[in-house]
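Hi everyone, thanks for coming along. Let me put the structure up, and then we can walk through it together.

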Amino acid sequence: PRWKKSTVVFVLGGPGSGKGTQCANLVKHFSYTHFSAGDLLRAEIKSGSQFGAMIQSMIAEGRIVPSEITVKLLCKAMEESGNDKFLIDGFPRNEENRIVFENVAKIEPAFVLFFDCPEDELERRIMSRNQGREDDNIETIKKRFKVFVESTLPIISYYESKGKLRKINAAKPSEEVFEAVKVLFAS
Ligand code: UP5
Ligand code: MG
């Protein structure tokens, strides 16, 4: 399929770091299609899939859903999109995610955006939004932070060691963050 030769940018950062916000900004200026792995998983729960209950309980605990499920959803979304440039937001979250994606999709990211932001600011942002997400409560937020530090930070270091990491200070106002992000796509 056409998407196998696609350009992929992974968008990583702690919970509430602005991945979704900045991807929404990017698609207005550049010809990328945005997929949030978390959004795809939440849609899978709503669709009545056989894995729905399992996915739901894992998200409620801030745990990382098995790679096979997430990678399948991402590949299906890419295939159906008709585009060949993708922002993949919130994935890969651990080494297993990264390896399964590489093996199944056979795509290496062009680069990896990392939205760096202190935990207290992330907590403020998540607690002050009201989107009805089941994982937006203080207990689950703490678990999401812990999983981010233990499982996702090593992935970020991996891409840094490969020279693929583009680190952005995400603690600034959204417009300023976007100015820094835009530059990376303009070149
Ligand atoms: N906001 C944004 N930018 C701001 C700024 N610069 N200044 C001030 N406020 C800012 O933003 C969060 C909030 O902050 C919003 O109210 C926004 O207006 C404001 P948002 O853009 O939504 O941040 P984002 O990083 O997208 O936050 P999100 O909560 O979506 O991140 P998570 O990584 O926690 O959530 P995700 O949906 O990716 O994953 C949820 C769960 O799904 C995971 O915990 C896991 O259980 C599961 N999952 C997997 O298992 N595998 C996957 O591959 C992906 C997810
Ligand atoms: Mg998001």
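Let's begin with the aromatic pairs, of which the structure holds nine. Rings of Phe, Tyr and Trp (its six-membered ring) pair here if their centres lie within 6.5 Å; planes under 30 degrees apart count as stacked, over 60 as edge-to-face and the rest as tilted. One of them joins Tyr32 and Phe185, an edge-to-face pair with 5.4 Å from centre to centre and 85° between the planes. Tyr32 lies in the loop between α1 (19-29) and β2, while Phe185 is in helix α8, so this pair ties together parts that are 153 residues apart in sequence. A word on the labels: helices (H or I, at least four residues) and strands (E, at least two) are DSSP runs, numbered from the N terminus.

Are these two residues buried or exposed? Tyr32 counts as buried at 14% relative accessibility, and Phe185 counts as buried too, at 10%. For that term, buried means under 20% relative accessible area, exposed over 50%, and partly exposed in between (1.4 Å probe, protein chains only).

Another pair is Tyr158 with Tyr159: the ring centres are 5.1 Å apart and the planes stand at 75°, so this one is edge-to-face. Tyr158 is partly exposed at 25% relative accessibility, whereas Tyr159 is buried at 0%. Both tyrosines belong to a cluster that ring pairs build with Phe10, Phe91 and Phe101.

Before I go on, a quick note on what you are looking at. This is a predicted model, in which local features need pLDDT of at least 70 and side-chain atom pairs count only at pLDDT 80 or more, while totals for chains, interfaces and linings use all residues. Residues are numbered from 1 along each chain as its sequence is written, chains are lettered from A and ligands numbered from 1 in the order in which they are written, and side-chain values use heavy atoms, with hydrogens and water left out.

Now the sheet. In what order do the five strands come? The order is β2-β3-β1-β4-β5, in an open sheet with parallel pairing; two strands pair if DSSP finds at least two bridges between them. At the edges are β2 (33-36) and β5 (165-169), each pairing on one side only. On average, neighbouring strands of this sheet are turned by 20° against each other, direction ignored. Axes are lines fitted to C-alpha atoms, for helices over the stretch in contact, and angles run from 0 to 180 degrees between N-to-C directions.

Look at strand β4 (residues 111-116), which pairs with β5 in the parallel sense over five bridges. Asp116 stands opposite Asn169 in β5. Packed on the sheet is helix α8 (residues 174-186), which touches β1 (7-13), β3 (85-89), β4 and β5, and its direction makes about 170° with that of β4. Contact here means heavy atoms within 4.5 Å.

Asp116 brings us to the salt bridges, and there are 17 of them in the structure. We call it a salt bridge when a side-chain nitrogen of Lys or Arg is within 4 Å of a carboxyl oxygen of Asp or Glu. Lys167 forms one with Asp116, and their closest N and O atoms are 3.8 Å apart. That links distant parts of the chain, with Lys167 in strand β5 and Asp116 in strand β4, 51 residues apart. Lys167 is exposed, with a relative accessible area of 56%, while Asp116 is partly exposed at 29%.

Lys142 and Glu123 form another salt bridge, with 2.9 Å between the closest N and O atoms. Here helix α7 (residues 138-161), which holds Lys142, is linked to helix α6 (residues 119-128), which holds Glu123, and the two residues are 19 apart.

Back in α8, Glu179 forms a salt bridge with Lys182, the closest N and O atoms being 3.5 Å apart. Being three residues apart in that helix, Glu179 and Lys182 are separated by about one helical turn. There is also a network of salt bridges that links Arg129, Arg133, Asp135, Asp136 and Arg144.

Last stop: helix α2 (residues 37-46). Which of its residues are buried? They are Ala37, Gly38, Leu41 and Glu44. These cover an arc of only 120° around the axis, which puts them on the same side of α2; the arc is that of the directions from the helix axis to the C-beta atoms. The buried residues of α2 pack against β2, α3 (52-60), α4 (67-81) and β3. Just after α2, Gly48 takes a positive phi of about 80°.
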